[in-house]
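Please open the structure in your viewer and get ready to select residues as we go. We will take it one stop at a time.

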Amino acid sequence: MVSLKIGSGRSLSLEIMLSTIFYDSLLFEITDDNGEKINYSLLPNRISFKKNKILVDSKICMLQERYGYKINIRNPSYSRSIFTPLLYAILFFKTLFTKIFIPSQWILAFKEKSTDKWSKIKFDNNELMADPFIYYHNSKYYVLYEALNYDTDKGYISIGTLDVKNKEIIDNHIIIEENYHLSYPFILKINDELYIIPESSYNNTIDLYKCIEFPYKWEKIRTLIDNISAVDTNLINKNGLWYLLTSEKKMGVSFGDELSLYVTDDPLSGTFLPVIGNPVVHDISKSRNAGEILNNIRVSQDCSKRYGYRVNFMEINELSENNYSERYIKSLKLPFGTIAMHTYNSAENIEIVDLKIINISPYFLYRNLCRIIKKLKTKILK
């Protein structure tokens with residue numbers, strides 16, 4: 001009989017509450033009949049015990065389905081703790097304080113490879129900038145990134161030229177915009193032509209866009225995989241085959257939990273098939289892609305502690321139709337004054353990242369409060 005221990009093994013209700021407030025991630029430890037331990041993990045919901053319970057219950061159901069038979073849960077069943085009222089109070093005041101007085105914003109930063117100092121790229125208080133990819137062409141650094149206006153709350157893909165001297169992106173243009181959210185503009189070459197695979201999970205597709213006229217004209221040419229809720233897709237060619245690495249959201253699995261692998265012999269016309277053994281990574285601190293794969297190094301997100309907490313460098317040991325393995329090398333240190341980083345890329349002499357900062361400017365605090373009130377009104381009217 002396969003057994004499962006959740007968190008530290010205390011009652012499920014207490015583990016759910018403690019993980020919501022205190023844990024970096026919630027561990028699910030599977031022990032099989034041979035005594036071998038396999039670890040899964042989950043980023044807890046940080047604002048609701050109820051929503052976190054739904055996540056935990058869903059994860060348990062997923063593991064039961066994945067292992068094909070009932071799992072013996074070693075934790076005591078749900079029970080009310082004497083600490084429950086105190087934990088509710090802590091969560092309420094923590095959430096209220098964080099939402100109102102510690103508003104965060106995603107921005108971009110870059111540095112030259114010869115230095116350790118990151119320079120913030122000029123940003124607008126009302127715009128999110130994230131998921132930067134950088135392409136060096138004709139002695140210019142072109143930055144492709146997710147842009148999102150907080151008033152509309154829908155991402156689109158922009159491109160501009162990095163002005164290193166003035167620390168800004170100039171000649172910005174929107175190059176891909178749909179009626180759904182887009183992000184993570186993974187850029188690659190196929191047969192010496194440029195393509196982008198933006199994240200389009202809201203459309204339940206993984207789509208391929210071709211560059212018709214660089215840098216501003218791009219056109220969708222095909223859907224690589226349909227009926228899939230997936231984010232942050234990379235495509236890499238090895239030994240005549242094309243491997244697609246992505247993070248899927250399925251029952252009991254959030255976007256940061258696992259990494260899936262698909263393979264085809266032709267990305268322009270072939271069918272992508274899942275490899276045997278999916279998911280190939282199921283560690284919330286290492287699964288989700290965080291940038292281009294270069295020199296056999298996959299950049300991954302550490303989504304423990306918080307979404308997009310930091311990025312890791314993972315060396316790919318094996319990539320084939322039958323197996324995938326990698327080893328952790330290091331994580332990038334967060335620059336002072338930032339709380340997260342979830343994309344890293346480089347080209348020629350420049351490295352670029354996105355950073356989550358605490359923006360306490362009066363204007364941003366005011367706009368943040370307006371957004372909170374708007375969301376509360378929407379919930380009340382429902």
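Start by selecting Glu351 and Tyr344: their side chains make a polar contact of 2.5 Å. Keep in mind during the tour that this is a predicted model.

**Stop 1: around Glu351**

Stay with Glu351 and colour strand β24, residues 350–358, where Glu351 is found. Is Glu351 buried or exposed? Its relative accessible area is 12%, and anything under 20% is called buried, so Glu351 counts as buried. Now add Lys111 to your selection: a second polar contact, also given as 2.5 Å, joins the side chain of Lys111 to the side chain of Glu351. To see who else is around, show the residues that Glu351 touches, leaving aside those up to four places away in sequence; among them are Ala109, Phe110, Glu112, Trp118 and Ser346.

**Stop 2: lysines over rings**

Keep Lys111 selected and show Trp118 as sticks. Lys111 lies over the face of Trp118, 5.4 Å from the ring centre. For another example of this arrangement, select Lys286 and Tyr328: here Lys286 lies over the ring face of Tyr328, at 5.5 Å from the centre.

**Stop 3: aromatic pairs**

How many aromatic pairs are there? The count comes to 10 aromatic pairs. Begin with Phe49 and Tyr88, whose rings meet edge-to-face, 4.9 Å centre to centre and with 85 degrees between the planes. Phe49 belongs to helix α2 (residues 49–67) and Tyr88 to helix α3 (residues 84–101), so this pair ties together parts that are 39 residues apart in sequence. Try a surface view too: Phe49 is buried at 7% relative accessibility, whereas Tyr88 is partly exposed at 46%.

Next, pick Tyr136 and Tyr141. Their ring centres are 4.7 Å apart and their planes are at 50 degrees, so this pair is tilted. Tyr136 is partly exposed, with a relative accessible area of 33%, while Tyr141 is buried, with 13%. Before you leave the rings, select Phe133, Tyr184 and Phe186 together, and you will have one aromatic cluster on screen.

**Stop 4: a hairpin and its sheet**

Switch to a cartoon view and select strand β15, residues 230–238; seven of its nine residues are buried, so the strand is mostly covered. Add strand β16, residues 241–248: the two strands run antiparallel, and seven bridges join them. Strands of a sheet pair through backbone hydrogen bonds, so showing the backbone atoms is a good idea here. Then look across from strand to strand: Asn234 stands opposite Leu245 in β16, and Asn237 stands opposite Trp242, also in β16.

What do β15 and β16 form? They make a hairpin with two residues between them. Click on Asn239 in the turn, which has a positive phi of about 50 degrees.

Finally, select β17 and β18 as well. You now have an open sheet of four strands in the order β15-β16-β17-β18, with antiparallel pairing. Which strands stand at the edges? They are β15 and β18 (273–274), each with a single partner strand, so one side of each is left without a neighbour in the sheet.

Technical notes: Residues numbered from 1 in each chain as written. Predicted model: local features only at pLDDT ≥ 70, side-chain atom pairs only at ≥ 80, totals over all residues. Heavy atoms only, no water. Buried < 20%, exposed > 50% of the residue type's maximum accessible area, 1.4 Å probe, protein only. Pairing = 2+ DSSP bridges. Phe/Tyr/Trp six-rings, centres within 6.5 Å; stacked < 30°, edge-to-face > 60°. Lys NZ or Arg CZ within 6 Å of the ring centre and 35° of its normal. Polar contact = N/O pair within 3.5 Å; in protein donor to acceptor, adjacent residues only side chain to side chain. Contact = heavy atoms within 4.5 Å.
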